[in-house]
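Biologist: I would like a close look at a single part of this protein, the surroundings of the ligand, and then a connected account of how the rest of the model is arranged. Please take the structure shown here as the starting point.

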Amino acid sequence: MEFLEERKNSITTKGRQKKQLECESESIAGAVSQRACVYCGARVVLNPITDAMHLVHGPIGCASYTWDIRGSLTSGADLFRTSFSTDLKEEDIIFGGESKLIRAIDQLVEKYHPPAIFVYSTCVVGVIGDDLQAVCKKASKKYGIPVLPVESSGFIGSKVVGYRAACDALLQLITHFEGEKIEKNQGINFLGDFNLGGEAWIIKNYLQEIGVQVNAVFTGDSTVEELRKAPSSCLNIVQCAGSMHYLSNKMAELYGIPSISVSFFGSQSIEQSLRKIADFFDDQQMKAKVEILLELEMKRVKPALDYYRQKLQGKKVAIYVGGAFKAISLISQFKELGMEVVMTGTQTGKKEDYAVIHDLLDEGAVIVDDTNPAELEKFMLAQGVELLAGGVKERLLAYKLGIAFLDHNHDRKEALAGFEGAFNFAQEIFTTVCSPVWQHLDRGEDVFNGKSKLQECS
Ligand code: SF4
């Protein structure tokens, strides 16, 4: 198959020989990477803090990246749904945008009285060199609230750099003022869930049922006050490691909070994760409650999952998502449904992530780092893919090729975690893969692995 020579080391096929995939490197110029920018990464992590103000220091275009396309649910405050921007223009870029930023903060504090403000740096701010730190420090002092600079100029790296910038801002937010006491308790923090479709609520309910109190969720449906309680916790459970690994390491170092990895996507992962949490507390009563919960929930969803498994058995899937945690979870979930994952790629996976992905996949599966639409198209057709799981940028490509699509991005509204999420996940795949619409699309012979139509569900 043809692709750019410089991309050759970022693509491999699962075989007996494990090839070290080239990743964590700059995108190749001209390869039309699907990667998002640094600012986008920071926004993903911080935007779900519901009562905080999110102020984008840059041209208005950057501010379009907001709640509408990165939705997450709230149980109360909704300031986070409004995007604020300093709307930098040519004149500000020539003479500097600091005075505009100061005016914006003054006006917004007076009007909205937020408990904290995140000020995001964008490409142009990185170029002109506005001193965000100094402006934010002065504003914090003036208003007595955290005004936190997020060093997220789009061009300084990939989305991963943005995750780190967001975690640095979170660390500043939770740092206690001099003289403030941290009283430790038996509560835990849940890192790496953004409550896109209400997932944090589902998991909090499970934890409550087994007797575990959640002090703070980073950052789904969180508030500034809750997040500031995080250092009191006795454990961090970390789901999306790509975005939260740095924060959990720092919290271990600064507050002595240990962490364990969890995933609440797919029934097997939920079982393992709840048992791991109960093991940490080493509490027999909690362990018994976990088993009761698992039995009840499985009883509720098993008949439906069995039905969907029978319909979807053997269907071929491609995955292309931002982070490795999501890719790894998806492989397990598809396998639980009897589906065959024939291609997997991520925008930001690390070497150790690709080693896990390699081990999970079957022989012949394609593995790609930082791919582009041209490669995706070729691999999907060659592999006879019947469903693509991805984000907003991949959706159109799938539909243009007449391939079913599963949205596993921030735009979705359905919860995909927990047992309820496992049911939603299977139902959504069944609805799209087994839709009669594919039988009305004639794409000509030999387009789709030698077949002109997706195979009907039996
Ligand atoms: S920060 Fe830069 S790359 Fe990101 S949206 Fe703004 S202009 Fe585009």
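Modeller: In this predicted model, the ligand is surrounded by Cys 37, Tyr 39, Cys 40, Gly 58, Cys 62, Tyr 65, Thr 122, Cys 123 and Gly 154. By class, this shell holds six nonpolar and three polar residues, with no charged residue among them.

To place that shell in the wider architecture, one can turn to the domain assignment, which divides the protein into domain 1 (5-31 + 302-440), domain 2 (38-174) and domain 3 (188-294). The centres of domain 2 and domain 3, taken over C-alpha atoms, are separated by 27 Å, and the two domains meet through 23 residues of domain 2 that are in contact with 21 residues of domain 3. On the domain 2 side of this contact, helix H1 (38-46) and helix H7 (159-174) each contribute at least two residues, and H7 provides the largest share, namely eight residues. The composition of that side of domain 2 is 16 nonpolar, five polar and two charged residues.

A further packing arrangement involves helix H12 (residues 284-312) and helix H17 (residues 418-433), whose axes lie 10 Å apart and form an angle of about 20 degrees. Because the angle falls under 35 degrees, H12 counts as roughly parallel to H17, and the crossing of these two helices is left-handed. From H12, the contact draws on Glu 297, Arg 300, Val 301, Ala 304, Leu 305, Tyr 308, Lys 311 and Leu 312, while H17 brings Phe 419, Ala 422, Phe 423, Ala 426, Gln 427, Ile 429, Phe 430 and Val 433. Taken by class, the residues of this contact between H12 and H17 comprise twelve nonpolar, one polar and three charged.

Two details of the backbone complete the account. Phe 218 and Thr 219 are joined by a cis peptide bond, with omega at about 0 degrees, and Thr 219 belongs to strand E7 (residues 214-219). His 113, although not a glycine, has a positive phi of about 45 degrees, and this residue sits in the loop that runs between helix H4 (98-112) and strand E4 (117-121).

Conventions: Residues are numbered from 1 along each chain as its sequence is written. This is a predicted model: local features need pLDDT of at least 70, side-chain atom pairs count only at pLDDT 80 or more; totals for chains, interfaces and linings use all residues. Domain bounds come from an automatic or database domain assignment. Two residues are in contact if their C-beta atoms, placed from the backbone, lie within 7 Å. Helices (H or I, at least four residues) and strands (E, at least two) are DSSP runs, numbered from the N terminus. Ala, Val, Leu, Ile, Met, Phe, Trp, Tyr, Cys and Pro count as nonpolar, Asp, Glu, Lys and Arg as charged, and the others, Gly among them, as polar. A residue is near a molecule or strand if its C-beta atom, placed from the backbone, lies within 6 Å of it. Axes are lines fitted to C-alpha atoms, for helices over the stretch in contact, and angles run from 0 to 180 degrees between N-to-C directions. Angles under 35 degrees count as roughly parallel, over 145 as roughly antiparallel, 65 to 115 as roughly perpendicular and the rest as oblique. A crossing is left-handed if the near helix is turned anticlockwise from the far one by less than a right angle, and right-handed if clockwise.
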